[in-house]
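Reader: I'd like to go through the aromatic rings in this one. Can you walk me through the reasoning behind the labels?

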Amino acid sequence: MIEKNPAEAWSVQFPLSGPSGEPVNLERTFRSHGLASLPPMRLGEDANVFEVTLPVYGCPPRTVLVSESGPKHGSVSAVGPPPGREEGERIFAAVRRVLRLDEDLSGFYALAAGDPDVSWGTKGAGRMVRSPTVFEEVVKTLCTTNCAWSATIRMVSALVEHLGEEAPEAPPSGPWGRAFPTPEAMAGAGEEFYRGVVRAGYRGRYLLTLSRSVAGGELDLGSLDTPPEELPDEELEKRLLALPGIGPYAAAHVMMMLGRYSRLILDSWTRPTYARLVGKPSVADEEIEKRFSPYGPHKGLAFWLYLTRGWVEEDSPAALRAF
């Protein structure tokens, strides 16, 4: 049952439990991967408050703050004027989606409980912060390919600052308090914007092609956010690989953001990190796949948790380097 907190102008409380009663650890969720620290999302200094500016259907974007309100509840509060009832319901529905509060991880936890290297995750880890739209997932993933994390921050920040719609109480400049840009906004920006402002390099033409295809109706990315029974992982991967600039790494990453964990994200960060953790100079991809194969459709999630166990303990911004 949702309860409003009368101490706030507008806030909603929610239980920290999944559909089958499994625990939800908000701090672990906030720090689930690096994209959760990119505009229009960011973490508080102690990683105990998560801020995100959300698109709200039929209304202007809204910036919300999410935090724990006790050992068994979380709280969502809105920045700016209190929303009306319908707008508030839409805001909270968007937050549930971003935090994956409706995803049932009990089956994964049952497997992980018998694995000493991953069992720690059964205390509430494993929910991957997701973007409100598949379009945002794909664009942000494109901005992580073949570059340093600092370049990813620069590109995504520029897109949000210059093309994102402002929410109430947004600062006059900078990327905060603005929603991620729509396909139409990105399609309307010229090549010079991607070259000179975003400094996207070769990615600029991919971002333009993708945005124009979605804005023009030729490409429906929302259709990719479909249950496995309707769109098997093999077909989803095939469709992602057909998108401009999306290769195996990017496809695996977008799949993880969509709650499809059958692929391992293997790249220049995950491979050496895994090798370091197992005490080897390098490890073949086949060996990594074999290690996590018992997890079946959740093997990519088990792999990710294995790699990121120390992120909260390390308590360092560098720990949020996801790729």
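Reader: What makes F14 count as buried or exposed?

Author: Keep in mind that this is a predicted model. F14 has a relative accessible area of 1%, and buried means under 20%, so F14 is buried.

Reader: And how do you know which class F92 belongs to?

Author: Same kind of check: F92 comes in at 7% relative accessible area. The cut-off is under 20%, so F92 is buried too.

Reader: How many aromatic pairs are there?

Author: The count comes to 15 aromatic pairs. Take F14 and F92: their ring centres are 6.1 Å apart, with 45° between the planes. Pairing needs centres within 6.5 Å, and planes under 30 degrees are stacked and over 60 edge-to-face, so this pair is tilted.

Reader: Why say that F14 and F92 tie parts together?

Author: Because F14 lies in strand β2 (residues 11-15) while F92 lies in helix α2 (residues 85-99), and those parts are 78 residues apart in sequence.

Reader: What makes F193 and Y194 edge-to-face?

Author: Their planes are at 80° and their centres 5.2 Å apart; the label needs an angle over 60. F193 is buried at 14% relative accessibility, and Y194 is buried at 1%.

Reader: Which residues form a cluster?

Author: Y274, F292, F303 and Y306 make up one aromatic cluster. F292 also has the charged end of R291 over its ring, 4.7 Å from the centre.

Reader: Where does the charged end of R42 sit?

Author: Over the ring of W176, 4.4 Å from its centre; the distance limit is within 6 Å.

Terms used. Residues are numbered from 1 along each chain as its sequence is written. This is a predicted model: local features need pLDDT of at least 70, side-chain atom pairs count only at pLDDT 80 or more; totals for chains, interfaces and linings use all residues. Side-chain values use heavy atoms; hydrogens and water are left out. Rings of Phe, Tyr and Trp (its six-membered ring) pair if their centres lie within 6.5 Å; planes under 30 degrees apart count as stacked, over 60 as edge-to-face and the rest as tilted. Helices (H or I, at least four residues) and strands (E, at least two) are DSSP runs, numbered from the N terminus. Buried means under 20% relative accessible area, exposed over 50%, partly exposed in between (1.4 Å probe, protein chains only). A charge sits over a ring if NZ of Lys or CZ of Arg is within 6 Å of the ring centre and within 35 degrees of the ring normal.
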